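Let's take a walk through this protein together, from the overall fold down to one residue. Have the structure open as you read.

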Amino acid sequence: MASTLAQQADEQFGITLSPEQTAQFAQYAEVLAAWNAHTNLTAITEPAAVQVRHFLDSLSIAQVVPMRSGLRLIDVGTGAGFPGLPLLIAFPHIRVTLLEATGKKVNFLDHVIAQLGLRGAQTLHARAEEAGHMPDQRAAYDLVLARAVARLPALVEYLLPLARIGGQCIAMKGDTAADEARDAARAIDLMGGRFNRIETIELPDIDEPHRLVIIDKVAHTPRTYPRKPGTPTHVPL
Ligand code: SAM
């Protein structure tokens, strides 16, 4: 019989999910499937794949950062909520901002948050280049995450302005992680970051590598960054 999410979370990452949390994940999967029928949210729809590629993959962050109570986390380009929402379900005492540029995805996120009764979540309908200049967002986070949003030279311009000094950014990548990190060296330095390391994550029944690029925020980001919307991807540093 296929393993349940609770079994896999425990076996892979030592995360214990209560029956209530397991029920919240099931409800999230249901709402995702229902909305995906009319709104394009994710290409991954098969239940076992949602469990591993969306839920478990999101939880892998907890392997490298302790999800302490009160931790302030922002998920940049969260789409249908990954990795931010599974982390909040598993660790309800953290505070999560879900940043997303597409309005219909933000509507979905607001709906899921209400349905699951999640406290500690807020959505932000904006581009990362705008959020990085908002007084209540800039340098406001202990942990800044992104999965499948942009190549690292552009992505660090989205992520690092949002992290406080002493905080961390983590980009969830595949087998291009090391190459992207090398290409992003100058941008990381300009944004006040310092490359920390790349961690490899093992996931059940997944062949391709999943890697976490971990970057420390060590200095203030100059006020000129992030540049205006579109520039980080069109003219990467
Ligand atoms: N992180 C989710 C995941 O892994 O399932 C979604 C990945 S999806 C491929 C990329 C998402 O990032 C899209 O929903 C897109 O709207 C959002 N996005 C891309 N660039 C962005 C930006 N500059 N600011 C905010 N959101 C952005």
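We'll start with the whole chain, then visit two pockets and finish at an aspartate.

First, some ground rules: this is a predicted model, so local features need pLDDT of at least 70 and side-chain atom pairs count only at pLDDT 80 or more, while totals for chains, interfaces and linings use all residues. Residues are numbered from 1 along each chain as its sequence is written, and side-chain values use heavy atoms, with hydrogens and water left out.

The protein chain has ten helices and seven strands (DSSP runs numbered from the N terminus: H or I of at least four residues for helices, E of at least two for strands). Its radius of gyration is 17 Å, close to the 18 Å from the globule rule for 237 residues, so the chain is as compact as a globular protein of that length (taken over C-alpha atoms; the rule is 2.2 Å times the number of residues to the power 0.38). Along the principal axes, the C-alpha trace spans about 50 × 35 × 30 Å. Of the 237 residues, 55% are buried, meaning under 20% relative accessible area with a 1.4 Å probe, protein chains only.

Now for the pockets. A pocket here is an open set of points on a 1 Å grid over the protein atoms alone, where a 1.4 Å probe fits and protein lies on both sides within 12 Å along at least five of seven lines; lining residues have an atom within 4 Å of a point. The largest one holds about 390 Å³ of space, a volume being the space filled by probe spheres set on the points, which are joined across faces, edges and corners. Its lining has 22 residues, with Gly 77, Gly 79, Glu 100, Ala 148 and Val 149 nearest the centre. Strand 2 (95-100) and helix 6 (128-131) each bring at least two residues to that lining.

The second largest pocket comes in at about 260 Å³. Among its 17 lining residues, Phe 25, Ala 26, Ala 29, Pro 47 and Phe 55 sit closest to the centre. Helix 1 (5-13), helix 2 (19-36) and helix 3 (47-59) each supply at least two lining residues, and helix 2 gives the most, with seven.

Helix 3 is also where you'll find Asp 57. Is Asp 57 buried or exposed? At 5% relative accessibility, Asp 57 counts as buried. Leaving aside residues up to four places away in sequence, Asp 57 touches Val 52, Arg 147, Met 172, Leu 203 and His 210, where contact means heavy atoms within 4.5 Å.

Key: Buried < 20%, exposed > 50% of the residue type's maximum accessible area, 1.4 Å probe, protein only.
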